[in-house]
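Colleague: Please take a close look at the side-chain pairs in this chain, both the charged ones and the aromatic ones. Which residues pair up, where do they sit, and how far can the coordinates be trusted?

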Amino acid sequence: MEDTKKKKKSFFDGSLILKIVSLFCAILLWFYVSEVESPTSEKKVEAVAVTLRNKDILMTETGLSVLSDSLYDTNIILSGKKSTLNKINYEDITATVDLSKLTEPGTYELPINVVAPQGTSVVSTNPRFITISIDKTVAHPFDIETSLSYSTTYEMGECIITDSQSKPISSVTVSGPATDIERIDKVVAKADFGTLNSSVKAKTDLVCLDINGEEINSTNIKLTPRSVIINQPVYMTKKLPLTASQANNTFSPSQISFRVNPASIEVKGDPKVLRELTEINLDPINEQSVIGEGLINTVNSLIKLPEDVELVGMQNTATITVSVKNVKKHYLFITPEDLTIIGLPDFLDIEFDEPSWRFLIINSSDKEITVDDLDLTVDFSAFATEGDYVDAVTLSPKFKENLSYAYFTDNTSYNLTFKLTNKEDNAKK
């Protein structure tokens, strides 16, 4: 009895572990033989895409294009080691049909060339051939039509949604197989603008439609260009007053007035822009050059509009009558004694031909302006010899300080005529 127990204990202590290890090794050996060193197996890969090679060469060298736009595929059986086949994906298999040998229009049955992944070989291909129809390539111009859809929150008459425009391209060249091109009735730029409340610009692809208005989807048709920019203008019209103003603010609003003809103009533009506009401001007028002794004058001004705003009609200029009142006109007489002469050599005397010169000053204030307010400096440094000089120096008086309320009118300068003599000669006399 004790011997039996000892034998069982011996078995469990060594033999069982050895048997388990042996079994595990056997499994590993079987897996290695079946997966790595196994004999050749086969694997079926279905619906492998077939690529048409040299379509561009076919068109450029022979002027031919593929008619059919079908997507071709084939079923392939590969052979190889099972471990290799198990790793194969669709992307590892290349199936192509070469079009480079075709030179005439017609229908051809062409073989499918399959490149198997490394470590495998092709057992069969089904189908082995595909049928290709080719035709002469032609190019035809089409005017681009537009097909737009939109809604708007504007009420009738509040805005103008004009006919759409395709810019800068108005036509497109469509090239491809003659049979496909003959199916085309028109080329359309389609766009959905959604809710349209202001002008919009969008890039949209061009589509070919048959006579029933159905879209022709074919990769064999090429459009040049493929897309266009669509401008959909949205306008509203508005009558706006024309306003004028002075550039230098010489006069107070109660002293100066502007009468503009026409008093208002009609414009059109994007609603977002026009809603903010209440008037059109003409360029400020230089009142100091316009208003002279008569205190009234008329000038013309070009009507300039903000961006995205256009005139309705042909009127693009305005006539502005400017007048002032309650202002002073000062006539100042300047004598030679009032002048500050600089640059004249000490040995020369000067005698002016005129005893005085008159200047007109427009004064919008109640302040009195005298000769003392003027800078009457005249430079004679260019003269060093005796003689009679006619209109040789310009007398241009200026204000000593900046007087925003006063200015000289057009006769702001005089050309002086004078005589220079030697002081010593004068003394001898």
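Modeller: Start with Arg183. Arg183 is partly exposed, because its relative accessible area is 43%, which falls between the 20% and 50% limits. This is a predicted model, so keep that in mind throughout.

The partner of Arg183 is Asp180: the two form a salt bridge, with the closest N and O atoms 3.6 Å apart. Both residues belong to helix α4 (residues 178-183). They are 3 residues apart, about one turn of the helix. Asp180 has a relative accessible area of 6%, so it counts as buried. This bridge therefore joins a buried acid to a partly exposed base. Side chains of opposite charge can pair when their charged atoms come close.

The structure holds 6 salt bridges. Another of them joins Glu310 and Lys268, at 4.0 Å from N to O. Glu310 lies in strand β21 (residues 309-311) and Lys268 in strand β18 (residues 264-269), so this bridge ties together parts that are 42 residues apart in sequence. Glu310 is partly exposed at 35% relative accessible area. Lys268 is also partly exposed, at 25% relative accessibility.

Lys268 has a second role in the geometry. Its charged end sits over the ring of Tyr235, 4.7 Å from the ring centre. Lys268 thus takes part in a salt bridge with Glu310 and also in a charge-over-ring arrangement with Tyr235.

Next comes Asp283. Asp283 and Lys304 form a salt bridge whose closest N and O atoms are 2.9 Å apart. The pair links distant parts of the chain, 21 residues apart. Asp283 is in the loop between β19 (280-281) and α6 (287-290). Lys304 is in the loop between β20 (296-302) and β21. Asp283 is partly exposed, with a relative accessible area of 36%. Lys304 is partly exposed too, at 48% relative accessibility.

Now the rings. The structure holds 12 aromatic pairs. One of them is Phe352 with Phe380, an edge-to-face pair with 6.2 Å between the centres and 65° between the planes. Phe352 belongs to strand β25 (residues 348-352). Phe380 lies in the loop between β28 (377-379) and β29 (387-395). The pair links distant parts of the chain, 28 residues apart. Phe352 has 12% relative accessibility, so it is buried. Phe380 has 0% and is buried as well.

A further pair is formed by Phe359 and Tyr414. Their ring centres are 5.1 Å apart and their planes stand at 90°, which makes the pair edge-to-face. Phe359 is in strand β26 (residues 357-363) and Tyr414 in strand β32 (residues 414-422), so parts 55 residues apart in sequence are tied together. The two rings differ in cover. Phe359 is buried, with a relative accessible area of 1%. Tyr414 is partly exposed, at 26% relative accessibility.

Rings also gather in a cluster. Phe352, Trp357, Phe380, Phe383, Tyr389 and Phe418 form one aromatic cluster. The edge-to-face partners Phe352 and Phe380 are among its members.

A word on the whole chain, for context. The protein chain has 7 helices and 32 strands. Of its 429 residues, 34% are buried. Take the contacts with a separation of 6 or more: residues 24 or more positions apart account for 77% of them. The chain exposes about 26200 Å², and carbon and sulfur atoms supply 49% of that area.

Finally, confidence. The mean pLDDT of the protein chain is 85. In all, 86% of its residues reach 70 or more. The elements vary. Strand β17 (residues 256-261) has the highest mean pLDDT, 97. Helix α1 (residues 2-35) has the lowest, 57. Where pLDDT is low, the predicted coordinates should not be read in detail.

Methods:
Residues numbered from 1 in each chain as written. Predicted model: local features only at pLDDT ≥ 70, side-chain atom pairs only at ≥ 80, totals over all residues. Heavy atoms only, no water. pLDDT = per-residue confidence, 0-100. Helix = DSSP H or I, 4+ residues; strand = E, 2+ residues; numbered from the N terminus. Phe/Tyr/Trp six-rings, centres within 6.5 Å; stacked < 30°, edge-to-face > 60°. Buried < 20%, exposed > 50% of the residue type's maximum accessible area, 1.4 Å probe, protein only. Lys NZ or Arg CZ within 6 Å of the ring centre and 35° of its normal. Contact = heavy atoms within 4.5 Å. Areas by Shrake-Rupley, 256 points an atom, 1.4 Å probe, with all protein chains shown as cover. Salt bridge = Lys/Arg side-chain N within 4 Å of Asp/Glu carboxyl O.
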